[in-house]
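Let's take a walk through a protein model together. Keep the structure open beside you and look up each spot as we get to it.

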Amino acid sequence: MTSDQTPARPALLVLGMHRSGTSALAGVLGRAGFALPQELMPPTEHNPRGYFESTRIFRLNDALLAAAGSSWDDWRAFDADWHLSPAAEPFHAEAQEALAAEFPGTAPIVLKDPRICRLLPFWTRALTEAGFRPLAVCTHRPAREVGASLARRNGWPEARGLLLWLRHVLDAEAQTRGRPRVFVSYDGLLADWRGTLGRIAEAFDLALPRPLDEAAPEIEAFLSADLRHAPETPAAAAGLSDWIARPEEILDRKAAGEDRPGDRETLDRIAAEVAAAAPLLADLSGAVEEQGARLEREAALRHEAQTILQQERQRLDDLTAELQLQLHHRTLHVAELERHAGELAQQLRQQRSHAAELERHAGELSALTHELRQQVHHKGRHVAELERHAGALQTAVTRLEAERSALLDSASWRVTGPLRRVSEALRRPKS
């Protein structure tokens, strides 16, 4: 609780159905200087520019709905007094901790989560107890566009998205009656964001935390045509046309600053009719959801089959590429072998030519050898003849030497005999 001397801190509650441009509005407010949560939910493929809401508070809201037997995609009425029950008590302390952690400082804040449309009593109490002044910024988008976007994203029947849209806008409008609030629209934000910020600031007597001239370039860059998630499509459930068309018409007038007598009664009548038809609609919705679940299972099976087929195709492509690569390598290998075989054939031809040359030389050598053998044979015979003549000569020489020796002996005797006799006579003594 705040003291009398401390003014409550402004808290802009962005209230609108899922896929209704609440993220775009929160993003613009953040760029205009309003404080966004510390722990922002990260962007996804469905919201690539971001959600600009607290991850911690989003989880808390899911837990709140689950504890009350509901969920974010439940189009049935939520018990407005559930926040007073014992089951809700532990969540109040958690909400105080989340607000303190997500929004430090003193700047005006932006609290956005489509689930808060159905949990307004809980968050109004939590914000007030935390020292904030809740200020409701109710925004909407054409129901058919929301239904088409949900059908495309979630695979729902369009009627389910329309009922969910109706639940969020009816609860947000009914539970902000008598409280500070302003109505704007997604189309109005895209067409004239300056006018939308001006209406919000004027409705709550707030000064924008950041000068528009300074924030304008960032806001212009942030807002673009691609923020529109889906084109307008005709409603699939014609029976719901009054339930959808009349609230949409009233919200469009409120966003333009016009209130007509009887609008509140019309919205209350539609809310009562929806409540009366809820059991039947729930049965139909259950059957549709069961059918949808079956279709989702079949779609999952088809997706799995397509995935397997794609994987097999990829595998076949990989095998084909591998075979082509192997064939390429083999072709290169065969070409290399053929080149090598050509070289070997060339070498073989050269070796055969060399062998023929060697055979020719061998023939010449054979002829020369034969001739040499003939010459050796003739030389051998000549040597034998010479040896024979040499033998005869040797015999003659031996005979001649014997004859010479005999002659020498005979001549020696003739000479030495008389000398010997003279010598002996001289040696005899004289008488």
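Start with the cysteines, and bear in mind that this is a predicted model. How many disulfides are there? The count comes to zero. To be called a disulfide, a pair of cysteine sulfur atoms has to be within 2.5 Å. Take Cys117: the nearest cysteine sulfur belongs to Cys138 and is 7.4 Å away, so by the 2.5 Å rule Cys117 is in no disulfide. Looking back from the other end, Cys138 has the sulfur of Cys117 as its nearest cysteine sulfur, again at 7.4 Å, and Cys138 is in no disulfide either. Are these two cysteines buried or exposed? Cys117 has a relative accessible area of 0%, so it counts as buried. Cys138 has a relative accessible area of 4%, and it is buried too.

Now step back and look at the whole chain. The protein chain has eleven helices and four strands. It is 431 residues in length, and buried residues make up 35% of them. Here's another way to get a feel for the fold: take the contacts in the chain with a separation of 6 or more, and you'll find that residues 24 or more positions apart account for 79% of them.

For a look at buried residues in one helix, go to α4, which covers residues 120–129. Its buried residues are Leu120, Phe122, Trp123, Thr124, Ala126 and Leu127. What covers them? The cover includes the strands β1, β2 (109–112) and β3 (132–140), along with the helices α2 (55–67), α3 (89–102) and α6. Just after α4 comes Gly131, with a positive phi of about 90 degrees.

Helix α6 was part of that cover, and it's worth a visit of its own. This helix runs over residues 158–175, and Gly161 is found in it. Gly161 has a relative accessible area of 1%, so it is buried. Which residues does Gly161 touch, leaving aside those up to four places away in sequence? They are Met17, Gly147, Leu150 and Trp156. Gly161 also shows how sequence and space can tell two stories: Gly161 and Asp73 are 88 residues apart in sequence, but their C-alpha atoms are 8.7 Å apart in space.

Next, let's see how helices pack. Two packed helices are described by the angle between their axes and the distance between the axes. Try α6 with helix α10 (residues 241–255): the axes come within 10 Å and cross at roughly 40 degrees. That angle makes α6 oblique to α10. The crossing of α6 and α10 is left-handed. On the α6 side, the contact is made by Leu162, Leu163, Trp165, Leu166 and Val169, and on the α10 side by Trp243, Ile244, Pro247, Glu248 and Leu251. Sort the residues of this contact by type and you get nine nonpolar, no polar and one charged.

Then try α1 with α9. Their axes are 9 Å apart and the packing angle is about 160 degrees. Why do we call this pair roughly antiparallel? Angles over 145 degrees count as roughly antiparallel, and α1 and α9 therefore fit that description. The crossing of α1 and α9 is right-handed. Ser23, Ala24, Gly27, Val28 and Arg31 of α1 make the contact with Ala215, Glu218, Ile219 and Phe222 of α9. The residues of this contact divide into five nonpolar, two polar and two charged.

Helix α8 is our next stop, and Thr196 is found there. Thr196 has 6% relative accessibility, so it counts as buried. Not counting residues up to four places away in sequence, Thr196 touches Leu25, Val184, Gly188 and Leu189.

Last, check the backbone in two loops. Most residues other than glycine have a negative phi. Arg19 is not a glycine, yet it has a positive phi of about 65 degrees. You'll find Arg19 in the loop between β1 (9–15) and α1 (22–31). Asp205 also has a positive phi, near 55 degrees, and it sits in the loop between α8 (193–203) and α9 (212–222). Which of the two is buried and which is exposed? Arg19, at 10% relative accessibility, counts as buried, whereas Asp205, at 72%, counts as exposed.

Terms used:
Residues numbered from 1 in each chain as written. Predicted model: local features only at pLDDT ≥ 70, side-chain atom pairs only at ≥ 80, totals over all residues. Heavy atoms only, no water. Buried < 20%, exposed > 50% of the residue type's maximum accessible area, 1.4 Å probe, protein only. Contact = heavy atoms within 4.5 Å. Axes fitted to C-alpha atoms, helices over the stretch in contact; angles between N-to-C directions. Parallel < 35°, antiparallel > 145°, perpendicular 65-115°, else oblique. Left-handed = near helix turned anticlockwise from the far one by under 90°. Nonpolar A, V, L, I, M, F, W, Y, C, P; charged D, E, K, R; others polar.
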